[in-house]
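Biologist: Could you take a close look at a single helix pairing in this chain, and set that pairing in the context of the whole fold?

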Amino acid sequence: MMGSTAARFAAMTSVSWLAAVALSFVMIRLVPGDPVEVFINHVNIRATEELVAAYREQWGLDRSLLVQFGLWLQGFVTLDWGESFATGGAVTGELLERLRWSAGIGLGGMICALVVGSGLGFFAAANPNGLADRLSRGMAVAGQALPAFAVGVIALWLLAAELRWIQPFAGGPIERLLLPIALVGFFSIGSVSRLVRAGFMETVDAPYLRTALAKGLPYRLALWRHGRRRAAIGLLASIAPDLAWIVGGTAIAEIVFGVPGLSERVIQAVAARDYPVLQAYVALVAVWIIIGLQLCAAARRSLDPRLAKARFGS
């Protein structure tokens, strides 16, 4: 059973990822602008037919789209992501060097949002219309209404320039990551807390909660014991938008706080039509979102056996 479940998980993840990267492979090449012409204009050399043809052959652009995709796919799974059109360097080394910064911000922001948001959501459910509930509601509205870029600049001005509590550009790695992680986490805390609150509130009127209270269990302890599973299931079912936000929020945080992550390199790659860099970045993002969704679905099934029975028809 465990083996078949793992095989099914691997198969669904692989098919979803393959579909995403194949579509993105085509879409990237539909963007106006020939990478050879962009490169020749950038280095300011005279473009002859022989030179253009030589670059297209060197970069593999003279082959059919299907052959290009097959060669790229083979290289990606063996960690040979090709050479950058713009720099000539190995894309694998360039992106993996920057990936640790982006992964630190993204994972740190997500953990921050889950821990703080879950706690806030629980206390909001335990005391409706109380301080935690109003704060949760306010952060959810702020997360939808405020521009992340502006919030990052204000935080930078207040904490680094005025109060001088932190050195986001000159400090060590941890000090450089604190504000970006806080920015990414801030915009997800509100939505996470409202989802957790909704899950706990479904338990408030349940007979088993009233029974637990009748036995003398304190209200908050009873609510936690009997509502946490439902709250977790609801959160896992609705976390997809936050997985996507983590990617976008990480990019904004890297730009605002000058972190040398993937985003800076990707912006350069878009301008240069640097296909190997763009394709590898999209593939990494697809890995993050698809595996995240699959793990959330697996966690939901483990928490709610009814979902597993419905899935496997047993």
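Modeller: What follows begins with the chain as a whole and then turns to the contact between two helices. The model is a predicted one, and its chain has 14 helices and zero strands, so that reading from the N terminus one meets an unbroken series of α elements. Taken along the principal axes, the box filled by the C-alpha atoms is roughly 85 × 60 × 30 Å. Of the 314 residues in the chain, 39% are buried, while the area that the chain exposes comes to about 17000 Å², with carbon and sulfur atoms supplying 66% of it. Among the contacts with a separation of 6 or more, 73% are between residues 24 or more positions apart.

The pairing of α5 with α12 joins two such separated stretches, since helix α5 covers residues 91-126 and helix α12 covers residues 262-272. Their axes come within 8 Å and cross at roughly 135°; an angle over 145 degrees would count as roughly antiparallel and one of 65 to 115 as roughly perpendicular, and α5 and α12 are therefore oblique to each other. On the α5 side the contact is made by Glu94, Leu95, Arg98, Leu99 and Ser102, which meet Leu262, Glu264 and Arg265 of α12. By residue class, this contact of α5 with α12 divides into three nonpolar, one polar and four charged residues.

Technical notes
Residues are numbered from 1 along each chain as its sequence is written. This is a predicted model: local features need pLDDT of at least 70, side-chain atom pairs count only at pLDDT 80 or more; totals for chains, interfaces and linings use all residues. Side-chain values use heavy atoms; hydrogens and water are left out. Axes are lines fitted to C-alpha atoms, for helices over the stretch in contact, and angles run from 0 to 180 degrees between N-to-C directions. Helices (H or I, at least four residues) and strands (E, at least two) are DSSP runs, numbered from the N terminus. Angles under 35 degrees count as roughly parallel, over 145 as roughly antiparallel, 65 to 115 as roughly perpendicular and the rest as oblique. Contact means heavy atoms within 4.5 Å. Ala, Val, Leu, Ile, Met, Phe, Trp, Tyr, Cys and Pro count as nonpolar, Asp, Glu, Lys and Arg as charged, and the others, Gly among them, as polar. Buried means under 20% relative accessible area, exposed over 50%, partly exposed in between (1.4 Å probe, protein chains only). Accessible areas come from the Shrake-Rupley method with a 1.4 Å probe; for residues, only the protein chains shown count as cover.
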